[in-house]
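Trainee: I'm new to this structure and would like to learn how to read it. Could you walk me through some features?

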Amino acid sequence: MKCTIRKCCCWELRWGALIIALIDMIVTAAVVLETKYLAYYEDWWIDHDMGTFEVSYTSTYYVWIITLVIHFAHLVFCVSVIGSVWVKSKKLVIGYLITGAIRIVYDLMFFIYVCVAIGPVILTLFLIIGGFGVAIYFWIVAYSWFKMIESPDRVN
């Protein structure tokens, strides 16, 4: 795959990998906290029409749980990319690349789900599209860092 870069913005790739991991960690932590709130504390899965406290999980609940699991796993692997900056082990970046690819595909499916099932919530759609673009760039930076670690003569 030839989609590697030599620098991340104005920094060396090593420091660019550190910066994208830190930014991705903050953003992913915000997504994890928000989806935890939406999955567990929103009462859309309680049936109010029956007059009783009937708990019935809807498909939306399961979508939020899947979102929570994927993004939490990605959050853990953001930490491993930070570690790879000092240890220079390509094994630490592999998890980030896998969960990043899964997250990109899932975010695309989630975008379609929000458009179809929930309705056109403009702010949510803009956030998903923005996060989708940033996630692709971050994945390319992490992949470039992975390739640079792979060839020891190129590591800064």
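Mentor: Sure. Keep in mind that this is a predicted model. Let's begin with Leu-108, which counts as partly exposed because its relative accessibility is 44%, and that class lies between the 20% and 50% cut-offs.

Trainee: Where is Leu-108 found?

Mentor: Look in helix 3, which covers residues 91–118. Then find Ile-129: it sits 21 residues away along the chain, and the C-alpha atoms of the two are separated by 8.4 Å.

Trainee: And Trp-86, is that one buried or exposed?

Mentor: Exposed means over 50% relative accessible area. Trp-86 has 53%, so it is exposed. You'll find Trp-86 in helix 2, residues 59–87.

Trainee: Which residues form a nonpolar patch with Trp-86 on the surface?

Mentor: Its partners are Trp-11, Trp-15 and Val-87, and together the four have about 460 Å² of accessible area.

Trainee: Now the inside. How many residues does the largest nonpolar core have?

Mentor: A nonpolar core is built from buried residues joined through side-chain atoms. Here the largest one has 23 residues, and Ile-20, Tyr-96 and Trp-145 are among those with the most contacts inside it. Helices 1, 2, 3 and 4 each supply at least two of its residues, with the largest share, 10 residues, coming from helix 4.

Trainee: What is Tyr-96 in contact with, leaving aside its neighbours within four places in sequence?

Mentor: Its contacts include Ile-20, Asp-24, His-74, Phe-138 and Ala-142. There's also a second, separate core of 9 residues, including Trp-64, Ile-70, Tyr-106 and Val-114.

Key:
Residues are numbered from 1 along each chain as its sequence is written. This is a predicted model: local features need pLDDT of at least 70, side-chain atom pairs count only at pLDDT 80 or more; totals for chains, interfaces and linings use all residues. Side-chain values use heavy atoms; hydrogens and water are left out. Helices (H or I, at least four residues) and strands (E, at least two) are DSSP runs, numbered from the N terminus. Buried means under 20% relative accessible area, exposed over 50%, partly exposed in between (1.4 Å probe, protein chains only). Patches are made of residues with over 30% relative accessible area and no salt bridge: like charges are joined within 9 Å, nonpolar side chains (Val, Leu, Ile, Met, Phe, Trp, Tyr) within 5 Å. Accessible areas come from the Shrake-Rupley method with a 1.4 Å probe; for residues, only the protein chains shown count as cover. A salt bridge is a side-chain nitrogen of Lys or Arg within 4 Å of a carboxyl oxygen of Asp or Glu. A nonpolar core is a set of buried Ala, Val, Leu, Ile, Met, Phe, Trp, Tyr and Cys residues joined through side-chain atoms within 4.5 Å. Contact means heavy atoms within 4.5 Å.
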